[in-house]
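Student: Please take one part of this model and go through it closely with me. I'd like the overall picture around it too.

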Amino acid sequence: MRILVTGGAGFIGSALVHRLIGDTTHEVLVLDKLTYAANLASLDPVADNPRFHFTRGDICDAAAVGQVFAGFSPDAVIHLAAESHVDRSIDAPEAFVRTNIVGTFELLRAARRHWRGLKGERADRFRFHHVSTDEVFGSLGADGLFSETSPYDPRSPYAASKAAADHLVSAWGRTYGLPVLIANASNNYGPRHFPEKLIPLTIANALAGRPLAVYGDGAQVRDWLHVEDHARALVLVLEGGAPGETYTIGARSERTNLAVVGAVCDLLDRLAARGDGRSHADRIAFVADRPGHDRRYGIDPAKIERELGWRPRETFESGLEKTVRWYLANRGWWQDSRVRVYGGERLGNLG
């Protein structure tokens with residue numbers, strides 16, 4: 001297939017592109033605006049492959065999106081382009097509304113126009129695959145898991161914008177018959193992650209000797225999914241998922257935020273010990289909680305396991321060690337952005 005991947009220079013997007021180029025015969029065009037969280041260097045391993053193409057552009061730009069569809073004529077779209085950091089959505093929600101909602105609308109409009117012009121087998125196999133988040137479902141109590149039938153209950157501007165995008169995609173499927181797929185995944189971690197989210201930020205701040213902020217009591221629970229496992233799942237959904245279906249993707253790997261930070265510190269104590277002989281965990285600092293902070297996420301991945309045969313290959317322990325080792329070995333990838341873009345300061349704090 002010819003696959004258009006939006007946001008392919010980002011964290012999950014680049015992992016997906018590596019998977020598509022490395023493990024399939026598909027041709028891939030990445031459309032990416034190259035915002036602060038994207039990095040073209042993430043695509044260096046596939047940049048010279050003849051099946052890989054890149055175009056810089058904004059998914060909110062209808063003319064640019066139309067040109068991409070006309071020039072590349074994709075058989076499928078995997079839509080990952082999004083503003084994704086909850087803290088930033090609290091400080092500046094406008095960008096999240098524009099990219100996540102308006103941008104998704106523009107892609108859907110262009111995809112429908114393109115799909116209607118396809119004939120026969122190409123029309124039958126076309127897919128619009130929207131990559132979303134479990135945050136659209138809100139917060140769980142002590143028990144239960146999110147699944148494909150969970151009601152939507154977004155609590156942050158980011159989650160609300162992704163929920164709106166999900167609803168648009170679903171509506172284009174139901175109203176216009178566009179063959180759509182939606183995947184809602186749990187928290188991702190792994191290499192090439194811009195250092196603003198919990199795990200890469202903790203690594204970067206620890207190596208810089210800065211306090212390691214933990215929001216509230218640190219007992220918020222997330223289901224952690226290695227990005228390579230997520231990328232494999234997304235390919236399976238594209239190739240084998242039924243149009244109109246949603247798939248929740250998680251690794252059955254719930255941890256509290258405090259436990260995650262502690263695990264990162266333990267690995268750094270072993271792999272990059274402090275010069276004073278003390279543990280990196282000594283720098284853990286509890287700070288005011290984030291407004292509207294969801295208490296717990298957990299995913300039931302039974303559907304994708306049963307229907308598509310997906311299982312995570314990484315445990316949290318194996319995936320986290322690989323992640324920490326990658327950041328230690330690739331400081332040049334992320335340290336420049338610490339200077340130019342974001343130095344690790346607190347975001348999303350209304351107080």
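Tutor: Let's start with charge: the protein chain carries 42 positive and 43 negative side chains, and the centres of the two sets lie 3 Å apart. Here Lys and Arg count as positive and Asp and Glu as negative, while His and the chain ends are left uncounted; each charge is placed at NZ of Lys, CZ of Arg, CG of Asp or CD of Glu. Bear in mind that this is a predicted model, where local features need pLDDT of at least 70, side-chain atom pairs count only at pLDDT 80 or more, and totals for chains, interfaces and linings use all residues. Residues are numbered from 1 along each chain as its sequence is written, and side-chain values use heavy atoms, with hydrogens and water left out.

Now zoom in on one of those Arg residues, Arg155. You'll find Arg155 in the loop between β5 (127-133) and α6 (157-176); helices (H or I, at least four residues) and strands (E, at least two) are DSSP runs, numbered from the N terminus. Is Arg155 buried, exposed or partly exposed? Arg155 is partly exposed, because its relative accessible area is 43%, and buried means under 20%, exposed over 50%, with partly exposed in between (1.4 Å probe, protein chains only).

What does Arg155 touch? Leaving aside residues up to four places away in sequence, Arg155 is in contact with Gly138, Ser139, Gly292 and Asp294, contact meaning heavy atoms within 4.5 Å. The side chains of Arg155 and Asp153 are also joined by a polar contact of 3.0 Å. That term means a pair of N or O atoms within 3.5 Å; within protein, one must be able to donate a hydrogen and the other to accept it, and residues adjacent in sequence count only if both atoms are side-chain atoms. Then look at Val86: Arg155 and Val86 are 69 residues apart in sequence, yet 9.9 Å apart in space, C-alpha to C-alpha.

Sequence-distant partners turn up across the chain: among contacts between residues at least 6 apart in sequence, 82% join residues at least 24 apart. And 56% of the 351 residues count as buried.

Two other loops are worth a glance. Leu34, in the loop between β2 (27-32) and β3 (52-56), isn't a glycine but has a positive phi of about 60°. Ser73, in the loop between α2 (62-72) and β4 (76-79), also has a positive phi, near 50°, without being a glycine.
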